[in-house]
Amino acid sequence: MKLYHGSLEQVDKPEIREASRTLDYGKGFYATTSFEQAENWVRRKAQELNVGKGYVNVYEFDESALRKTKSLVFYQPSDEWIDFVHQNRTVKGFQHDYDIVYGPVANDRVYAAFALYEGGVLDKEELKRELKTYKLVDQYLFHTSQSLRFLVFVEAKEVAL
């Protein structure tokens, strides 16, 4: 299966990196099955930092990794997904021990809905109903160096602004 990672650099050797902000699934290397999602990330980041180009890095992913590693899979927003994302974003020092996490991306619209949940405006059921109206893109988090062995770099496609 092909996975994509948007970056301002060519990333032929993915690494586990500590993020400067809280992320849905914690620290690690993120990828998606959506070329468009990765390309949009590159365009947003390049405009934000005023650079002229970036890359959608393409990888071949061995899906057997989900059986061969400690993996957590969310096929849609669920109580467990909400709790997991909420913990990663709000619990200082929260760590999990999964090698790979797969599930929906909490994009800008989802962030807004989550903010309503975190502020007590929406309860968990209302949040799930709200999220079901969105077309959610997926994401993979590779959280350990062991998990990165299942990714093989194919190419980096330049995205010029």
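When I say "pocket" this morning, I mean an open set of grid points with protein on both sides within 12 Å along at least five of seven lines, and a lining residue has an atom within 4 Å of a point. Please also keep in mind that this is a predicted model.

With that in hand, let's go to the largest pocket. It is lined by 41 residues, and those nearest its centre are H5, G6, R21, Y30 and W41. The space inside comes to about 1,500 Å³. Which elements give two or more residues to that lining? They are β1, residues 2-7, then β2, α1, residues 35-49, and α4, residues 108-118. Helix α1 provides the largest share, with eight residues. If you care about chemistry, the lining splits into 16 nonpolar, 12 polar and 13 charged residues.

Now the second largest pocket, where the space is about 270 Å³. Here 17 residues form the lining, and E18, T22, G26, N88 and F94 are the closest to the centre. By type, that lining holds four nonpolar, eight polar and five charged residues.

Let me turn to the sheet. Four strands make it up, and it is open, with mixed pairing and the order β2-β6-β5-β4. Why is one side of β2 and of β4 left without a neighbour in the sheet? Because β2, at 29-31, and β4, at 71-73, stand at the edges, and each has a single partner strand. From one strand to the next, the twist averages 15°.

As a quick reminder, strands of a sheet pair through backbone hydrogen bonds, either parallel or antiparallel. For β5, residues 100-104, and β6, residues 138-142, the sense is antiparallel, and five bridges join them. If you want one pair to find on screen, look for Y102, whose bridge partner in β6 is Y140.

Hold on to Y140, please, as we move to the nonpolar cores. The largest core has 19 residues, and the members that touch the most others are Y25, W81, V101, F114, L127 and L131. Three helices each supply at least two residues of this core: α3, residues 79-90, α4, and α5, residues 124-132. So where does Y140 belong? Y140 sits in another core, apart from the largest one, with 14 residues that include L3, F142 and L148 as well.

One last link before I stop: α4 gives residues both to the lining of the largest pocket and to the largest nonpolar core. Thanks, everyone, and I'm happy to go back to any part of this.

Terms used. Residues numbered from 1 in each chain as written. Predicted model: local features only at pLDDT ≥ 70, side-chain atom pairs only at ≥ 80, totals over all residues. Heavy atoms only, no water. Pairing = 2+ DSSP bridges. Axes fitted to C-alpha atoms, helices over the stretch in contact; angles between N-to-C directions. 1 Å grid on protein atoms, 1.4 Å probe; cavity = no way out; pocket = protein on both sides within 12 Å on 5 of 7 lines; lining within 4 Å. Points joined across faces, edges and corners; volume = space filled by probe spheres on them. Nonpolar A, V, L, I, M, F, W, Y, C, P; charged D, E, K, R; others polar. Core = buried A, V, L, I, M, F, W, Y, C linked by side-chain atoms within 4.5 Å. Buried < 20%, exposed > 50% of the residue type's maximum accessible area, 1.4 Å probe, protein only.
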